[in-house]
Amino acid sequence: MTSTNPASAASVTDGNLDIASLTRGAFGTLVNDTVEMDETFGEVTMEDGEQARVRYDLAEPSWSDGVPIDTADLMLAWAATSGYFRTPKEGSPDGGVDFGGVPTGLTKSAYIPEVDEGARAIEVPLVVPVVDWRTALDVAVPAHVIGQKALKIEDPIEAKEVVETAIEESDTAKLTKIAEAWSSTFAIAENGKASEEALLSSGPYRISKISAGEGGQEVDLEANPEYAGEARPTYEQVRLTPAGADALDSLGEKVDVVQVSPTKANRKQVRDLERRDYGVANANDGTMWALILRTDRGLFKRKDTRTAYLRAVPRGDIAEGGAGEWAEAYEATDVVLFPPGGEGYQIATEDSGFSTKFKASEDATAPRGAKVCISYDKSSAFAAGAYDTISNVVDDEGWSTADCGVSSADKLLAGNRWDAVLARIPVPQTPEEISAQWGAKGSQNATGGGDRDRDRLIGELARTADPYEARDVRVQIEKTLVRDSIVVPIVMNPTVTVIDKKVDSVRPRSGRVAPLVSTIVEWSPTKK
């Protein structure tokens, strides 16, 4: 853990997001492909018309020091992530102010929000509608702390009022100090030391201690008495500690819940624990294994050749070859843009045409002399086993497979020899992430090519406010991937959680953000 400000672009790490899931309230949280709203924190509404406007109405949340969360906190959250003050305004003699916040759809703000003090609400006018309007406003840090630190104002209510006024009046001098405090006040030192103000919470837990344990940093949490939301925790105290190599050995003694990646080395131990009535729960980490074809050169420039090859790829065999004894933990997937389990996944599966297009067929026969060089991470047991399976099976269909394996995942796309890459890729959650993976100019586009229609749809998705319409646009993007025969999804990458007998209701969440700790509020002691 390096910071308690999860909205800072420099602080988007697994550790920081884990803690934030327990110590920060929010209007809405994206879980897999569904936004879960928290009405105990507030309500978000979108108004259509000549100009799209999104309104954020607070309920009655407060920070753990008892100071209410109000419009000053909302305005600060808007200023930090909208980037509105980054560019100097017309006629201003001063330069711009950059908070360094994680950009959201609020970068499309038309002008400074209107404040409704009595209702504890702000209304943000937008240049165009945005798809993430329900989750875009991240109330990550307390405005009164920023006012106290940046502007040297002792009284917390006065401090937050001055912050709000500075934003409303575009006071560049004050905003520069506010931005600096926003990005620096909430840092956690390497030894775990942090200011008392940096540890303030608006969620069900607050940080009570950060220390160096035997295996690394440990974070102690305690229930937040000022929390007024529905997610009331049963456990008053929780300690998070790194899962070392012997974590499973200490289950039931030093630790109560352990989350690990499934490996050949821990298979027998997990199975033995399960047979002794310890709980075992499988989920995925928000990434999938997929085979992606290079389309801008070589063998797979022709779509019919790509289609024939992907029909020859034995997805079920690949999963078993890579997973080995852990095969049941790897969940199959037929979709690239949706995680399994949600309504969007089901619709994409039905509408994309994937299962029909890539089912086994005589068309899978290889062109004469076809040789496919596959890049994969040799250090990954799954990738190595999957590659062996691919080479054995597709060779029977007339395809010749060459080994373009590399020593680590960051070298997968190096060089020009490879034709296909077996890679672990994230399920994209935002239009920006979809564009990076599958857009014509995407920074992570492994195909080397693109599609004008797909780029148009990604742009349309970013401007689609209705969640059902947004889902349908995303399905249309999925269809373009199937149409172009550029990728075949194989399985989700799993996590395995092992639970001591005395802890109940541990249901880890699939996905990239806080998959285990975000559910701690649901845990309870086992009833005897």
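Let's start with one pair: the side chains of arginine 267 and glutamate 328 meet in a salt bridge, with N and O 3.4 Å apart. The term means that a side-chain nitrogen of Lys or Arg lies within 4 Å of a carboxyl oxygen of Asp or Glu. This pair ties together distant parts of the chain, 61 residues apart: arginine 267 belongs to helix α6 (residues 267-275), while glutamate 328 sits in the loop between α8 (315-323) and α9 (343-351). Helices here are DSSP runs of H or I with at least four residues, numbered from the N terminus. Arginine 267 counts as buried because its relative accessibility is 11%; buried means under 20% relative accessible area, exposed over 50%, and partly exposed in between, using a 1.4 Å probe and protein chains only.

A quick word on what you're looking at: this is a predicted model, where local features need pLDDT of at least 70 and side-chain atom pairs count only at pLDDT 80 or more, while totals for chains, interfaces and linings use all residues. Residues are numbered from 1 along each chain as its sequence is written, and side-chain values use heavy atoms, leaving out hydrogens and water.

Now move along to arginine 454, whose salt bridge with aspartate 484 has its closest N and O atoms 3.1 Å apart. Here the link runs from helix α13 (residues 452-462), home of arginine 454, to helix α14 (residues 467-484), which holds aspartate 484, 30 residues apart. Both partners, arginine 454 and aspartate 484, are buried. They also belong to a salt-bridge network that includes Asp451, Asp453 and Arg483.

Last stop: aspartate 500 and lysine 502, with closest N and O atoms 2.7 Å apart in their salt bridge. Aspartate 500 is buried because its relative accessibility is 8%, whereas lysine 502, at 43%, counts as partly exposed.

How values were computed: Helix = DSSP H or I, 4+ residues; strand = E, 2+ residues; numbered from the N terminus.
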